Amino acid sequence: MTEVRKPVQDLLTDYDIFEPEFVKDPYPSFSEIRESGCPIARTERYEGSWLPTRYEDVVAIAQEYETFTSRGILVVPPFPGQGEGAYGGVTAPPITSDPPDHHWHRRLILPVFSPQSVAKFEQGTRDLCNALIDEVIDKGTADAAADYAQHIPVRVIATLLGVPLEMESDFTAWVRAALENIMDAEGRKWARKNIIEFFLAQVADRKQNPREDDFITELMNTEVEGKVVPLEYVLGVCNLMLVAGVDTTWSAIGSCMWHMAQHPEHRKQLRDNPDLWPSAIEELLRMYAPVTMARIVDHDIEFQGCPMKAGDRVLMAFPAANRDPRQFENPDEVILDREHNRHVAFGSGIHRCAGSNLARLEVRVALQTWLERIPEFELVDKTDVTWAGGQVHGPRKCLVSF
Amino acid sequence: MRVSVIDDACHGHQMCAIAAPEVFGSDEMGNATVLISGDIPAELQAKTRRAESNCPERAIVITD
């Protein structure tokens, strides 16, 4: 089916986050909105939403969780019937939770993702990256997105969850339908059904065959106030790990690879001065923040002159915030040793990405391993790179030669 | 120079520990802890200022 897309008349009143040019490169549009007299744009598309583009506004909304709730976090409305039927209550805690439940939802998973806890994934991630490079290194060419970036987070998350790595392509297909091709409501419904059925079977299997040192088992056995957590919570957290932990990080790795392919001076800078790696990763995360989340307005409010109504959707464009010249000098430039970098690639406030330490580790190890083995590489054709956008922004085809 | 973290404001971005790992660490929830009680040694002060200017929650307080 070919969809007929109504051309955008005015970015400030009619933006379209799925318009092909916006998907490929949303930054000129963010900038145009931000520097207009009206830095919070509005659209009636996809049942309507608001789009703040200034750092200050995005952060203020993220902090005000009582007004801007997490009842809906996708940039599109729920599919018809979502939330109904058996397991209709499965969400993705804590990302979809509001206080007071948010507090315990988050406390239960944060220790799994502390810097100390995720360190144990470093060697495995490095081995995995090396194995992927082994597959392409003699060919002299590779798709940095599809042959490399795409395979890294899904395998790390499958390992963390203790689910079969052989199902990688299924996981990837579900996640893409859930988070990437989200204009297709039927696809989202299909993904949700598959994810819930899959984790129901994983839970059942663990009841039959108890495992030790296993994330899902520990989750199932967790008690809150003397009671074992409900099944819906277990399924929800597993859903979150898969959906939020895969497409996002893969997009970040892909964008970094796309950047490095075009910037030999940055490759050299990191080679000559490896101490730059920590600030370089933060700078690349600022520049290529992949994720836009949404919030649902709780009650009618005027925010920065915008008449927001209860139930309105607000798009938390963290990528736009990260390019605001009021907050960052030369925001569209990658400065690997940037001194002041309060970037919000992982959000802000109580919903700071729970997996941020793991994501950071994966991005760093993926880049370091590639650059050690393939120090010089370039884009095959700058005009032949394809992108995903909307909720998650990153390259999906990015051919490089070396 | 002394440094502290406003606990309620810190949401565990860990950008302070990335900028100044000698000065900041993490508790089991991933929230920031200060590793140095008392004065920050001269050689770590620049890093500590950098950590403050990398905190997205503005949760780090430096007192000279």
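## A guided tour from a strand pair to the chain interface

Begin by selecting A:Ala142, which stands opposite A:Val400 in β14(A). The strand labels follow DSSP: strands are E runs of at least two residues, helices are H or I runs of at least four, and both are numbered from the N terminus. Before moving on, note that this is a predicted model, in which local features need pLDDT of at least 70 and side-chain atom pairs count only at pLDDT 80 or more, while totals for chains, interfaces and linings use all residues. Residues are numbered from 1 along each chain as its sequence is written, and chains are lettered from A and ligands numbered from 1 in the order in which they are written.

**The three-stranded sheet of chain A**

Extend the selection to β14 (residues 399–401), which is joined to β4(A) by three bridges and runs antiparallel to it. Two strands are said to pair if DSSP finds at least two bridges between them. Adding β11 completes an open sheet of three strands in the order β4-β14-β11 (chain A), with antiparallel pairing. At its edges lie β4 (141–143) and β11 (378–379) of chain A, each of which pairs on one side only. Strands of a sheet pair through backbone hydrogen bonds, either parallel or antiparallel.

**The hairpin β1–β2**

Next, select β1(A) and β2(A), which pair in the antiparallel sense over four bridges. One position to display is A:Arg42, whose bridge partner in β2(A) is A:Trp50. The two strands form a hairpin with five residues between them, and A:Tyr46 in the turn has a positive phi of about 50°. A:Glu47, in the loop between β1 and β2 of chain A, also has a positive phi, near 65°. Most residues other than glycine have a negative phi, and most peptide bonds are trans.

Is A:Glu47 buried or exposed? A residue is buried if 20 or more other C-beta atoms, placed from the backbone, lie within 10 Å of its own, exposed if 12 or fewer, and partly exposed in between. A:Glu47 counts as exposed because it has 12 C-beta neighbours inside 10 Å. In β2(A), by contrast, both faces are covered: A:Ser49 and A:Leu51 on one side and A:Trp50 and A:Pro52 on the other are all buried.

**Helix α4 and the core**

Move to helix α4 (residues 55–63) of chain A, whose buried residues are A:Tyr55, A:Asp57, A:Val58, A:Val59, A:Ile61 and A:Ala62. These buried residues pack against several elements of chain A, including β1 (40–43), β2 (49–52) and β10 (313–316). A:Met316 is in contact, leaving aside its neighbours within four places in sequence, with residues including A:Val58, A:Ile61 and A:Ala62; contact requires C-beta atoms, placed from the backbone, within 7 Å.

A:Val58 and A:Met316 are among the residues with the most contacts inside the largest nonpolar core, which has 112 residues. Such a core is a set of buried Ala, Val, Leu, Ile, Met, Phe, Trp, Tyr and Cys residues joined through C-beta atoms within 7 Å. Helix α13 (residues 231–245) of chain A gives the most to this core, with ten residues. Apart from it lies another core, of 16 residues, among them B:Cys16, B:Ala17, B:Ile18 and B:Ala59.

**Prolines in loops**

Select A:Pro26, in the loop between α2 (20–24) and α3 (27–34) of chain A. A:Pro26 counts as buried because it has 23 C-beta neighbours inside 10 Å. A:Pro319 is 293 residues away from A:Pro26 in sequence, yet their C-alpha atoms are 8.8 Å apart.

Then display A:Pro94, in the loop between β3 and α5 (101–109) of chain A; the peptide bond from A:Pro93 to A:Pro94 is cis, with omega near 5°. A:Pro100 is found in the loop between β3 and α5 of chain A, and a cis peptide bond with omega of about 10° joins A:Pro99 to A:Pro100.

**Chain B and the interface**

Finally, select chain B, whose elements run β-α-β-β-α-β from the N terminus on. Its C-alpha atoms fill a box of roughly 30 × 20 × 15 Å, taken along the principal axes. Buried residues make up 39% of the 64 residues in chain B.

Where the chains meet, 22 residues of chain A are in contact with 17 residues of chain B. On the side of chain A that touches chain B, α6 (115–118), α16 (277–287) and α18 (356–373) of chain A each supply at least two residues. The model scores ipTM 0.98 and pTM 0.97.

Terms used. Two residues are in contact if their C-beta atoms, placed from the backbone, lie within 7 Å.
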